[in-house]
Amino acid sequence: MKRKLVLEDGTVFIGEAFGAEAEKTGEIVFNTGMTGYQEILSDPSYCGQIVTLTYPLVGNYGINRDDFESINPAIHGFIVKEAADFPSNWRSQLSLDEFFKMKNIPGIAGIDTRKLTRIIRKTGTLKGALCAENKSDAEVLAQLRAVVLPSDQVKRVSTKSSYPSPGRGCRVVVVDFGMKHGILRELNKRNCDVVVVPYNITAQEILSLSPDGIMLTNGPGDPKDVPQAIEMIKGIQGRVPLFGICLGHQLFALANGANTEKMKFGHRGSNHPVKDLSTGKIAITSQNHGYTVEESSLKDTQLEVTHIAINDGTVEGLKHKQHSAFTVQYHPEASPGPEDANGLFDQFISMIEAAKEEGEKTCQSVQI
Ligand SMILES: NC(=O)CC[C@H](N)C(=O)O
């Protein structure tokens, strides 16, 4: 069966349908990773987006129970050059097609994804629709141009209520803006006693859990769409060590008076070089973001740039000049991608231990 991809600039691609028969619209974004499609399609930060992969063979090792970054993918569609009909891997349980049918996600194959990527790079991120081939282009285009992208993605993917992930180590409250499971895996690996809480929790509610440290996770959409989180961060920073990833990093910047802006086409892939300005070392990182912290807006804040992207010089890491708080724009939990930046979780735990040792910021001394 044929399926059609219509872009808001009027470009139409015809390809082979796979996955669900659903018709979906969303922002079209590209990811340059050569592997890791299961982690990409289940990363909640892609909520409402239709993702194209520049790597041409997708689905070869199927879908397995171990590699999910969330149980229910929030993406609106997948665009690939070739979708494997017969995956081959001992862990494989389903093909991409079977999985997408189960989760009501449409896919399109046989697309010149490199041409599509060049369009996105030239025009900037644009809206697109996946629909049946026999629909009129003009009609789809008119509907697509009228679509207003939703601003409640974080609400859609964040947990509805708090839940624990127990351990015997440091008490960490994880604020879930659309958390990838990889973050929880890294904290569990370090024996943390975790409580995952919803995006709209208040500073007071967090402090009442007596955390030793607080994590702000990744998540979808524009950070300015989550004003309550910005207020919450103002109330918690300085009380216990803080570590933010991606959307968490952007919200931390906004809470400290900096600004964020939309990028032309963003960074999405598992091969993005990032420089640590304190050591000069370069790490290859996994990334998925369409917004960035505006460097010039940091001038009058208490924030310092710690990392920059090698490809375009954008801000990739921040730390607070007074408080125990640092954030990165990239994904140290990898999944998919390299583990070069994994050590940031150890840095966070060391920070917590140092703060506890100092005795100034132990859970007992946190004043609610
Ligand atoms: N992975 C993320 O947390 C993404 C953050 C934000 N939604 C962006 O696109 O920039």
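**Close-up views of a predicted model**

UniProt, in an unreviewed entry, lists residues 1-131 as "domain: Carbamoyl-phosphate synthase small subunit N-terminal". The structure shown is a predicted model, and the legends below go from the chain as a whole to single residues.

**View 1. The N-terminal segment that the UniProt record lists as a domain covers residues 1-131.** Over residues 1-131 the chain is 18% helix and 34% strand, and the C-alpha atoms at the two ends of this stretch are 12 Å apart.

**View 2. The whole protein chain contains 10 helices and 19 strands.** Its radius of gyration is 21 Å, close to the 21 Å that the globule rule gives for 368 residues, so the chain is as compact as a globular protein of that length. The C-alpha trace spans about 65 × 45 × 40 Å along its principal axes, and buried residues make up 48% of the 368 residues. Among contacts with a separation of 6 or more, 76% are between residues 24 or more positions apart.

**View 3. The residues annotated as "binding site" in an unreviewed UniProt entry are Ser-45, Gly-219, Gly-221, Leu-247, Gln-250, Asn-288, Gly-290 and Tyr-291.** They span 247 residues in sequence, yet no two of their C-alpha atoms are more than 13.2 Å apart, so they gather at one spot. Ser-45 sits in the loop between helix 1 (37-41) and strand 4 (49-53) and is buried, with 29 other C-beta atoms within 10 Å. Not counting residues up to four places away in sequence, Ser-45 touches Gly-178, Asn-218, Gly-219, Pro-220, Cys-246, Leu-247 and Asn-288. Gly-221 belongs to the loop between strand 13 (213-216) and helix 8, and it counts as buried with 26 C-beta neighbours inside 10 Å. Apart from its neighbours within four places in sequence, Gly-221 is in contact with Ser-151, Gln-153 and Val-154.

**View 4. Helix 8 (residues 227-236) packs with helix 9 (residues 247-255) at an angle of about 70 degrees, their axes being 9 Å apart.** That angle makes helix 8 roughly perpendicular to helix 9. From helix 8, Ala-229, Ile-230, Ile-233 and Lys-234 meet Leu-251, Phe-252, Leu-254 and Ala-255 of helix 9. Seven residues of this contact are nonpolar and one is charged, while no polar residue takes part.

**View 5. Helix 6 (residues 181-189) has buried residues at His-181, Gly-182, Ile-183, Leu-184, Glu-186 and Leu-187.** These buried residues pack against strand 10 (163-165), strand 11 (171-176), strand 12 (193-198), strand 13, strand 14 (242-245) and helix 10 (343-358). Asn-191, which follows helix 6, has a positive phi near 65 degrees.

**View 6. Ser-335 and Pro-336 are joined by a cis peptide bond, with omega about 0 degrees.** Most residues other than glycine have a negative phi, and most peptide bonds are trans. Ser-335 has a positive phi of about 40 degrees although it is not a glycine. Ser-335 is placed in the loop between strand 19 and helix 10, and Pro-336 is found in the loop between strand 19 (325-328) and helix 10. With 23 C-beta neighbours inside 10 Å, Ser-335 counts as buried.

**View 7. Cys-246, a residue other than glycine, has a positive phi near 55 degrees.** Cys-246 is located in the loop between strand 14 and helix 9, where it is buried, with 29 other C-beta atoms within 10 Å. Cys-246 is also one of the residues that Ser-45 touches.

Terms used:
Residues are numbered from 1 along each chain as its sequence is written. This is a predicted model: local features need pLDDT of at least 70, side-chain atom pairs count only at pLDDT 80 or more; totals for chains, interfaces and linings use all residues. Helices (H or I, at least four residues) and strands (E, at least two) are DSSP runs, numbered from the N terminus. The radius of gyration is taken over C-alpha atoms; the globule rule is 2.2 Å times the number of residues to the power 0.38. A residue is buried if 20 or more other C-beta atoms lie within 10 Å of its own, exposed if 12 or fewer, and partly exposed in between; C-beta atoms are placed from the backbone. Two residues are in contact if their C-beta atoms, placed from the backbone, lie within 7 Å. Axes are lines fitted to C-alpha atoms, for helices over the stretch in contact, and angles run from 0 to 180 degrees between N-to-C directions. Angles under 35 degrees count as roughly parallel, over 145 as roughly antiparallel, 65 to 115 as roughly perpendicular and the rest as oblique. Ala, Val, Leu, Ile, Met, Phe, Trp, Tyr, Cys and Pro count as nonpolar, Asp, Glu, Lys and Arg as charged, and the others, Gly among them, as polar. UniProt positions are given in the numbering used here, feature names are shortened, and annotations may be inferred rather than shown by experiment.
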